Amino acid sequence: MRVGVLTGGGDCPGLNAVIRGIVRKGVPEYGFSFVGFRDGWRGPLEAVTMPLDIPAVRGLLPRGGTMLGSSRTNPFAIEGGVEKIKHNLQNLGVDALIAIGGEDTLGVATKLHELGVNVVGVPKTIDNDLSGTDYTFGFDTAVNIATEAIDRLHTTAESHHRVLIVEVMGRHAGWIALHSGMAGGANIILIPEIPFDIDQVCQYVEARFRLHYAPIIVVSEGAKPKQGDEVLHSEGTDAFGHVRLGGVGTYLAQEIEARTGKEARATVLGHVQRGGTPTARDRWLATRFGLHAIDAVAAGRWGTMAALRGADVVTVPLAEATKELKVVDPALYAEAEVFFG
Ligand code: F6P
């Protein structure tokens, strides 16, 4: 069998480890050959390929990013996109596709499977917001990077008696903010799932200063005030209709300064959370996802996705992973509230 592999959407640490796992098992154990599709769905759409064999995946395990490149191309937003993909797969002699991606890439995979393409998925996203799996790889690395940043900000915040705000990624779900905020001892955590009350935030800030500490606020980029909308970086949307977020940290700093008179500054971690080498846990999870994805291909379990359930990697229907986002349970958020203020 000839298997195509692609990585789509925002990159994340561990993508290369998945690709390596797929190829390192697929070649010797199943006798498969592989073709790498470049830049997400653009690869099969425009027949842009690269060689993918055992020598090509050497040294990949600790490397961030994706050797295949990525994009947010949506074949369903392009006239005749699906037909082009089917035609190109046939022309290239590709019998099956492994799509490694988040809600958008796997959403396309789900629909293509329904249209008769042999697809298996692998869940990735630093946001950890995919249903069907306990965790996605990339998340642990992002949380560790954010936690290290919070640790560092504590000491400088104390020295200058400032409010320091850390804006982390998380478009619809506050998993990175919640985990890094708890691990880093943040005094306030704000997430997209629970709109924040700016007066309450200011009360926490003042309470913290009364204890002679400086407050650290961790905010997801998608968090929004009770009275208002999420803060947009710019107008316009990508091929999947997502707006570009960014700026809630600066918004909070301005509001806090105006309301409390305390100096407040924002640090935006941005793509630092997505770059560089994966943690050991992400390498482990990504590798196992790769091994199980190629098993699913060998078994013809089309329309499924590798998923972590407890300590086991299993396969679940792709549709289960893409039907709704996995957001933070209010009860989990309430646990962190003990430390607010
Ligand atoms: O979906 C992962 C993610 O990192 C989000 O947290 C973030 O909103 C988005 O991607 C940013 O995407 P881009 O790098 O395309 O601006």
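This section describes the overall dimensions of a predicted model, a four-stranded sheet with two helices that lie on it, and the surroundings of one residue, T141.

The protein chain contains 11 helices and 13 strands. Its radius of gyration is 21 Å, close to the 20 Å given by the globule rule for 341 residues, so the chain is as compact as a globular protein of that length. Along the principal axes, the C-alpha trace spans about 70 × 40 × 30 Å. Of the 341 residues, 54% are buried. Among contacts with a separation of 6 or more, 75% are made by residues 24 or more positions apart. The accessible surface of the protein chain amounts to about 13800 Å², and carbon and sulfur atoms contribute 50% of this area.

Within this fold, four strands form an open sheet in the order 7-8-6-11, with parallel pairing. The edges are occupied by strand 7 (188-190) and strand 11 (264-268); each has a single partner strand, so one side of each is left without a neighbour in the sheet. From one strand to the next, the twist averages 20°. At one edge, strand 7 pairs with strand 8 (residues 216-220) in the parallel sense, and three bridges connect the two strands. In this pairing, L190 stands opposite V219 of strand 8.

Two helices are associated with these strands. Helix 8 (residues 248-260) packs on the sheet and touches strand 6, strand 7, strand 8 and strand 11. The direction of helix 8 makes about 160° with that of strand 6. Helix 5 lies across strand 6 (163-168), strand 8 and strand 11, and runs at about 165° to strand 6.

Helix 5 comprises residues 139-160 and includes T141. The relative accessible area of T141 is 2%; because the cut-off for a buried residue is under 20%, T141 is classed as buried. Beyond its neighbours within four places in sequence, T141 is in contact with P13, T277, P278, T279 and D282. The environment of T141 therefore brings together helix 5, in which T141 is placed, and contacting residues that include P13 as well as T277 and D282, with the buried state of T141 reflected in its relative accessible area of 2%.

Notes: Residues numbered from 1 in each chain as written. Predicted model: local features only at pLDDT ≥ 70, side-chain atom pairs only at ≥ 80, totals over all residues. Heavy atoms only, no water. Buried < 20%, exposed > 50% of the residue type's maximum accessible area, 1.4 Å probe, protein only. Contact = heavy atoms within 4.5 Å. Pairing = 2+ DSSP bridges. Axes fitted to C-alpha atoms, helices over the stretch in contact; angles between N-to-C directions. Rg over C-alpha atoms; globule rule 2.2 N^0.38 Å. Areas by Shrake-Rupley, 256 points an atom, 1.4 Å probe, with all protein chains shown as cover.
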